[in-house]
Amino acid sequence: MPPAAALLPWRRLVVPLLAVVSVPFVLPLALPFLLRSSSSRQPLSVHRLDWLPPLSPLPRTPDPSTPPPPPLTLPLAPPTTPPPPPSTLPMAPPTRSSPAASPPPPEKDEGGGTTCDLYDGEWARDEAARPLYAPGTCPYVDEAYACASNGRPDAAYTRWRWAPRRCRLPRFNATDFLATLRGKRLMLVGDSMNRNQFESLLCILREAIPDKTRMFETHGYRISKGRGYFVFKFVDYDCTVEFVRSHFLVREGVRYNRQKNSNPILQIDRIDKSASRWRKVDVLVFNTGHWWTHGKTARGINYYKEGDMLYPQFDSTEAYRRALKTWARWIDKNMDPAKSVVFYRGYSTAHFRGGEWDSGGSCSGETEPTLRGAVIGSYPRKMRVVEEVIGRMRFPVRLLNVTKLTNFRKDGHPSVYGKAAAGKKVSRRKQDCSHWCLPGVPDAWNELIYASLVLEPKPRSWKHH
Ligand SMILES: *[C@@H]1O[C@H](CO)[C@@H](O)[C@H](O)[C@H]1NC(C)=O
Ligand SMILES: *[C@@H]1O[C@H](CO)[C@@H](O)[C@H](O)[C@H]1NC(C)=O
């Protein structure tokens, strides 16, 4: 495992490219802010390299008080010429105004409930019903995400609810979620971002059991990043919630060169070894993404292997596509839609200013979501790959399309509160602007899983329970 913050950025080309392209649009918007704020802030960047501008203008509710986002009419092909030197132009004007205290309630669902886009919407302030568990009370949040316990002073970031624009989410009910899972297994498979979501799920379900000793890790393990498999049992519902670590979903390996030095490789045409654990699970939630964006994965030199061929150099987006296809083939062959539900959780956005995860990038001091700007419409190219691969599968995989809803949440990351502050001083060396504080943003992803289980038709074999 790399350090906690080591999991992001898709960005090197993007920031300069975007900065240049957006000059005529953003500058007029940004100028008043730049002139007004005494301390000019660093640009907020979210993805590296694979960022694509929105394909069409984003639909939005008419709101005369907010100016429309700058239109982006960039050609869609990635640049082939070297990027211009980085510019320090802000991508989005920093938002100073408080978000609307209570946005209008989402419209009534007019269709069958499943036709509207659950992922098109906004964050609504909900002081009454959020967070779903009090900060600092859930024993399953590991230190890296326990921001309140680590000294984060503000709490507004815990009080937002995701509100789709054109439909209503079913009212979240953890008891009903557990009842739906009765007699079943739910498993999250992926990287530390999925462990973040796993811990969130344990915490929100824990709220529904009066006797907290009626849930436990079956091996007695405490959650830590050093271990790759956890199984939590909810005794009264005879169900388990599990996590399996798999950074790439395909198989990691090593090769030895003539000097007998070992080097990591990735076999993009072979499914990960942990796949034997995925079989027969009733609800699967996959993700992979952040490990494809940096270091050896991004460089792709003597790293990707297919069959007996170790590619001297290979493009990481194409490798990602082939790895996902390997995963898709495995799902199609081994999983039965009459018995199981499979989710793929989309890319979760990181927000670094003034650098990368490993070069002094920061997100500290952010206490409110971003409400507008180019960041909101950003969608990484690897997500288009995900959509394309899922679209060709036999198994109807459900895409938890959370990228956009995470775009807003620059306030939700641990930043300097990923570790308990020793004494009063907080480490400012490396900030975590990739993962999420808990309670926080991943709670909303789990609410969306619940919504999907409620709204979509259930697998045939579930109905006999
Ligand atoms: C939550 O779900 C349970 C089980 O389905 C049900 O008995 C309860 O009434 C629900 N609570 C609310 C507030 O809807
Ligand atoms: C996912 O959301 C993005 C906007 O963030 C949208 O462009 C895309 O079409 C959505 N994908 C699907 C499959 O709905």
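# A tour from Thr297 outward

Begin by selecting Trp291 and Thr297, where a polar atom of the Thr297 side chain lies 2.9 Å from the backbone oxygen of Trp291. The model on the screen is a predicted one, and every distance and angle given along the way is computed from it. Thr297 belongs to helix H6, and with a relative accessible area of 2% it counts as buried, because the limit for that class is under 20%.

**The aromatic cluster**

Keep Trp291 selected and add Phe248, since these two residues form an edge-to-face aromatic pair, with 5.9 Å between the ring centres and 80 degrees between the planes. The pair links distant parts of the chain, 43 residues apart: Phe248 is in the loop between strand E8 (239-245) and strand E9 (250-256), while Trp291 is in the loop between strand E11 (283-286) and helix H6 (295-299). Both residues are buried.

Next select Tyr311 and Phe314, whose rings are stacked, with centres 4.4 Å apart and an angle of 25 degrees between the planes. Tyr311 is buried at 16% relative accessibility, and Phe314 is buried as well, at 12%. To see how the two pairs belong together, extend the selection to Trp292, Tyr303, Tyr304 and Tyr320, which ring pairs link with Phe248, Trp291, Tyr311 and Phe314 into a cluster. For the model as a whole, the count of aromatic pairs comes to 20.

**The salt-bridge network**

Move now to helix H7 (residues 316-334) and select Glu318 and Arg322, which both lie in this helix, 4 residues apart, or about one turn. Their side chains form a salt bridge in which the closest N and O atoms are 2.9 Å apart. Glu318 is partly exposed, at 24% relative accessibility, and Arg322 is likewise partly exposed, at 27%.

Then select Arg321 and Glu388, whose side chains meet in a salt bridge with an N to O distance of 2.8 Å. Here the partners come from distant parts of the chain, 67 residues apart, with Arg321 in helix H7 and Glu388 in helix H9 (residues 381-391). Which of these two is buried, and which partly exposed? Arg321 is buried, with a relative accessible area of 18%, whereas Glu388, at 30%, is partly exposed. Adding Glu306 and Arg392 to the residues already selected here completes one network, in which salt bridges that share partners join Glu306, Glu318, Arg321, Arg322, Glu388 and Arg392.

For another salt bridge, select Arg125 and Glu127, whose side chains meet at 3.4 Å, N to O. Arg125 is partly exposed at 22% relative accessibility, and Glu127 is partly exposed at 43%. The count of salt bridges comes to 22.

**Ligand 2**

Select ligand 2 together with the residues around it, namely Tyr379, Arg384, Glu387, Leu399, Asn401 and Lys404. Sorted by class, this shell has 2 nonpolar, 1 polar and 3 charged residues. Two distances deserve display: a polar side-chain atom of Glu387 is 2.7 Å from a nitrogen atom of the ligand, and an N or O atom in the side chain of Asn401 is 2.4 Å from an oxygen atom of ligand 2. On its own, ligand 2 has 360 Å² of accessible area, of which the protein covers 60%.

**Backbone stops**

The last selections concern the backbone, and they are set against a general background: most residues other than glycine have a negative phi, and most peptide bonds are trans. Select Arg130 and Pro131 to see a cis peptide bond with omega near 5 degrees; Pro131 lies in the loop between strand E3 (121-125) and strand E4 (160-164). Another cis bond joins Leu438 and Pro439, with omega about -5 degrees, and Pro439 sits in the loop between helix H10 (403-407) and helix H11 (441-455).

Finish with two residues of positive phi. Leu249, in the loop between E8 and E9, has a phi near 70 degrees although it is not a glycine, and its relative accessible area of 1% makes it buried. Lys280, also not a glycine, has a phi of about 65 degrees; Lys280 is found in the loop between helix H5 (275-278) and E11, and at 72% relative accessible area this residue is exposed.

Note on methods. Residues are numbered from 1 along each chain as its sequence is written. Chains are lettered from A and ligands numbered from 1 in the order in which they are written. Side-chain values use heavy atoms; hydrogens and water are left out. A residue is near a molecule or strand if one of its heavy atoms lies within 4 Å of it. A polar contact is a pair of N or O atoms within 3.5 Å; within protein, one must be able to donate a hydrogen and the other to accept it, and residues adjacent in sequence count only if both atoms are side-chain atoms. Accessible areas come from the Shrake-Rupley method with a 1.4 Å probe; for residues, only the protein chains shown count as cover. Ala, Val, Leu, Ile, Met, Phe, Trp, Tyr, Cys and Pro count as nonpolar, Asp, Glu, Lys and Arg as charged, and the others, Gly among them, as polar. A salt bridge is a side-chain nitrogen of Lys or Arg within 4 Å of a carboxyl oxygen of Asp or Glu. Buried means under 20% relative accessible area, exposed over 50%, partly exposed in between (1.4 Å probe, protein chains only). Rings of Phe, Tyr and Trp (its six-membered ring) pair if their centres lie within 6.5 Å; planes under 30 degrees apart count as stacked, over 60 as edge-to-face and the rest as tilted.
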